[in-house]
Amino acid sequence: MRVNGEPFKSIWPEPDRSRVNIIDQTQLPHVFAVAHLRTLQEAAHAIKAMLVRGAPLIGVTAAYGLSLALQKDASDDGLRRASEILLATRPTAVNLQWALREMADKLLVLPQEQRAEAAWNHAGVLAEDDIRLCEAMGDHGLVLIEEIARRKQGERVNILTHCNAGWLATVDWGTATAPMYKAQEAGIPIHVYVDETRPRNQGASLTAWELGQHGVPHTVIVDNAGGHLMQHGLVDLVIVGTDRTTASGDVCNKIGTYLKALAAFDNDVPFYVCAPSPSIDFSISDGLRDIPIEERSPLEVTHLKGLTEDKRIETIRITPENSEALNYAFDVTPARLVTGLITERGTIAANAEALAKTFPDR
Ligand SMILES: CSC[C@@H](O)[C@@H](O)C(=O)COP(=O)(O)O
């Protein structure tokens, strides 16, 4: 997608394989900075500290992190140790283990001296595949937006989204944002309500930034406003991403997604989830029971980071010194609240039958 009119991806390898380049998302929207990952440790840190985040991008960064590790030690043991370090960074997005398993399957059958080069190339394949999947979901999601636009006879289509499931969370296009960018390209008037997404504010700082870079009309709202907007007919559809969707269609995504789904259900607002196949965990079916929910530092709740009037980035405390804070990063939306899953193979019902039929190969 674009940054100040220039084409950018969220991650790109240096041609001489010395490093991987990323956009440091902890500094957006105030500073656009590129960071370099030269070692396994730097890649693991980038994922854990959320310089890169979003399920698909976590997977691709881990694949490159493994490639960097294999440049130093390409033994079976080296590969296993590097995978363990990367796997420990973030527990919820299944793309991380999916990407590492894909890499291991490709690499373990090769002689050690071929592994580093093959790993680098395969990480590139995963990155290119991610772009392809996102663009395909964009095309399928566009059909849904077109239908609403036809019904509204040219009036703008209002879409609500939560967190950042945009191109910054993938390699390009985004998952939930791909249909929005496609609609904009098709000349359909859209407007996006962007949930700020406390505590880390990925909506307010990342989704708003990237939509703004593409001239997509949008309004940032506080997390609690969505239900009110839906009650007043101001939201035509909700599109969100997912960190892990089960074989039965339960959707785990950024904390607060469940409440949006409840409000959408109560107000007959269609609630769609963009779920590329690497985000689907076919080994589990009960999202509430089986998906590990990341718990992050209470400091993300007690403190806020932002730009001061005199343009300094500062962190301030918003709670009393002695109040405890709890920070679950994700929640699970049961399949019954999901109108449909937009996958790279089409939009399907969120149930076991539709998922099995659409992905017989998984
Ligand atoms: C295309 S990304 C889908 C999800 O990964 C996204 O909605 C999300 O919850 C990201 O969470 P984050 O904690 O910022 O990694």
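Helix 2 and strand 11 (251-254) each supply at least two residues of the shell around the ligand. Helices (H or I, at least four residues) and strands (E, at least two) are DSSP runs, numbered from the N terminus. The model is a predicted one: local features need pLDDT of at least 70, side-chain atom pairs count only at pLDDT 80 or more, and totals for chains, interfaces and linings use all residues. Residue numbers start from 1 along each chain as its sequence is written.

**The ligand shell**

Among the 17 residues around the ligand, those that come nearest are R53, A55, A169, G241 and K254. A residue is near a molecule if its C-beta atom, placed from the backbone, lies within 6 Å of it. The shell has seven nonpolar, seven polar and three charged residues. Here Ala, Val, Leu, Ile, Met, Phe, Trp, Tyr, Cys and Pro count as nonpolar, Asp, Glu, Lys and Arg as charged, and the others, Gly among them, as polar. Because domain 1 (2-129) and domain 2 (137-358) both give residues to this shell, the ligand lies between them.

**The two domains**

The domain bounds come from an automatic or database domain assignment. The C-alpha centres of domain 1 and domain 2 lie 24 Å apart. To their contact, domain 1 gives 25 residues and domain 2 gives 30 residues. Two residues are in contact if their C-beta atoms, placed from the backbone, lie within 7 Å. On the side of domain 1 that touches domain 2, strand 1 (2-3), helix 2 and helix 4 (95-107) each supply at least two residues. Helix 2 provides the largest share of that side, five residues. By class, that side divides into 14 nonpolar, seven polar and four charged residues.

Helix 2 (residues 55-70) has 16 residues and reaches 23 Å from its first C-alpha to its last, close to the 22 Å expected at 1.5 Å a residue. The expected span is 1.5 Å times one less than the number of residues. Since 16 of the 16 residues of helix 2 are buried, the helix is largely enclosed by the rest of the structure.

**Annotated residues**

The UniProt entry, which is unreviewed, annotates D243 as "active site". It also places "binding site" at R53, G54, A55, R90, Q202, N253 and K254. UniProt positions are given in the numbering used here, feature names are shortened, and annotations may be inferred rather than shown by experiment.

The table covers D243, two of the binding-site residues, and T347. A residue is buried if 20 or more other C-beta atoms lie within 10 Å of its own, exposed if 12 or fewer, and partly exposed in between, with C-beta atoms placed from the backbone.

| Residue | C-beta neighbours within 10 Å | Class |
|---|---|---|
| D243 | 31 | buried |
| A55 | 27 | buried |
| Q202 | 27 | buried |
| T347 | 19 | partly exposed |

D243 lies in the loop between strand 9 (237-240) and strand 10 (244-246). Leaving out residues up to four places away in sequence, D243 touches A55, T92, A93, C252, N253, S279 and F330. A55 is in helix 2, and beyond four places in sequence A55 touches A93, N95, A169, D243 and S279.

Q202 belongs to helix 7 (residues 202-213). With residues up to four places away not counted, Q202 touches C163, N164, T197 and T207.

T347 is placed in strand 18 (residues 346-348). T347 and H140 are 207 residues apart in sequence, yet 6.5 Å apart in space, C-alpha to C-alpha.
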